[in-house]
Amino acid sequence: MSVRRSAIPDGSLIARYKGQGNHVDAYVASTARSVDLPTYIAAFFSTPVFRAERLLLSLGGKHSSDDQVADLAAGRGEHIAAWKVEETSANELLLEATGTPIRTWLAVEPDGTALWFGSVVLAEKGRVPLLARVMMPGHALYSRILLAAALRQVS
């Protein structure tokens with residue numbers, strides 16, 4: 001099971017954010033079996049790693065529940081914890097961290113053999129905010145951990 005950093009796929013929902021000083025990253029992992037987007041979304045937000053993040057967010061008033069995870073995965077929900085749906089497609093989900101310059105992207109290959117996780121931090125006045133730049137090394141590690149946990153969950 002390997003998670004690797006990857007180029008942003010052309011035509012993806014986060015590709016529009018490339019350039020203009022934005023930080024855009026993507027990580028990909030191959031799956032042993034075909035996985036659809038709803039299964040991936042449910043797995044991602046239900047991993048022990050993300051459950052811990054959900055708990056931390058709830059301390060700041062950004063509550064979420066397993067029912068919200070299920071609704072988001074099924075396309076019925078628009079919110080989970082600090083995020084709201086910005087856009088979806090058959091194989092992608094783009095979330096906005098409400099009121100922030102942060103976006104979170106989940107995607108599966110059309111044949112279901114790869115899972116993608118990506119993030120965007122929008123530039124302010126042509127530059128990513130200092131705090132976000134300082135946090136990037138930790139974010140990169142955490143992104144790999146999150147995707148690996150989701151991959152284990154669906155395997």
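Me: Before we start on this predicted model, what does "buried" mean in terms of relative accessible area?
Reply: Buried is the label for a residue under 20% relative accessible area, whereas exposed is for one over 50%. So the cut-off to keep in mind for buried is under 20%.

Me: Is Tyr-40 buried or exposed, then?
Reply: The cut-off for buried is under 20%. Tyr-40 comes out at 0% relative accessibility, so this residue counts as buried.

Me: Which residues have the most contacts inside the largest nonpolar core?
Reply: That core has 33 residues. Elements giving two or more residues to the core include β2, α1, β7 and α4. Top of the contact list inside the core are Tyr-40, Phe-44 and Phe-45.

Me: And which element gives the largest share of this core?
Reply: Among the elements that give two or more residues are α3 (66-73), β6 (102-108) and α4 (130-154). The largest share is 7 residues, and the element it comes from is α4.

Me: How are the rings of Tyr-40 and Phe-44 arranged?
Reply: Both residues sit in helix α1, 4 residues apart, which is about one turn of the helix. Their ring centres are 6.1 Å apart and the planes are at 80°. Planes over 60 degrees apart count as edge-to-face, so this pair is edge-to-face.

Me: What about the rings of Phe-44 and Phe-117?
Reply: Phe-44 is buried, with a relative accessible area of 1%, and Phe-117 counts as buried at 5%. Their ring centres lie 5.0 Å apart with the planes at 40°. That angle is neither under 30 degrees nor over 60, so the pair is tilted.

Me: How many residues apart in sequence are the parts that the Phe-44 and Phe-117 pair ties together?
Reply: Phe-44 belongs to helix α1, while Phe-117 belongs to strand β7. The pair therefore ties together parts whose separation in sequence is 73 residues.

Me: Which strands are at the edges of the open sheet?
Reply: The sheet has 7 strands in the order β1-β2-β7-β6-β5-β4-β3, with antiparallel pairing. An edge strand here pairs on one side only, and that applies to β1 (3-6) and β3 (79-80).

Me: Which residue in β4 is the bridge partner of Ile-80?
Reply: β3 and β4 pair in the antiparallel sense over 2 bridges. For Ile-80, the bridge partner in β4 is Trp-83.

Me: What angle does the direction of α4 make with that of β2?
Reply: Helix α4 packs on the sheet, where it touches β1, β2 and β7. Its direction and that of β2 make an angle of about 25°.

Terms used
Residues numbered from 1 in each chain as written. Predicted model: local features only at pLDDT ≥ 70, side-chain atom pairs only at ≥ 80, totals over all residues. Heavy atoms only, no water. Core = buried A, V, L, I, M, F, W, Y, C linked by side-chain atoms within 4.5 Å. Buried < 20%, exposed > 50% of the residue type's maximum accessible area, 1.4 Å probe, protein only. Pairing = 2+ DSSP bridges. Contact = heavy atoms within 4.5 Å. Axes fitted to C-alpha atoms, helices over the stretch in contact; angles between N-to-C directions. Phe/Tyr/Trp six-rings, centres within 6.5 Å; stacked < 30°, edge-to-face > 60°.
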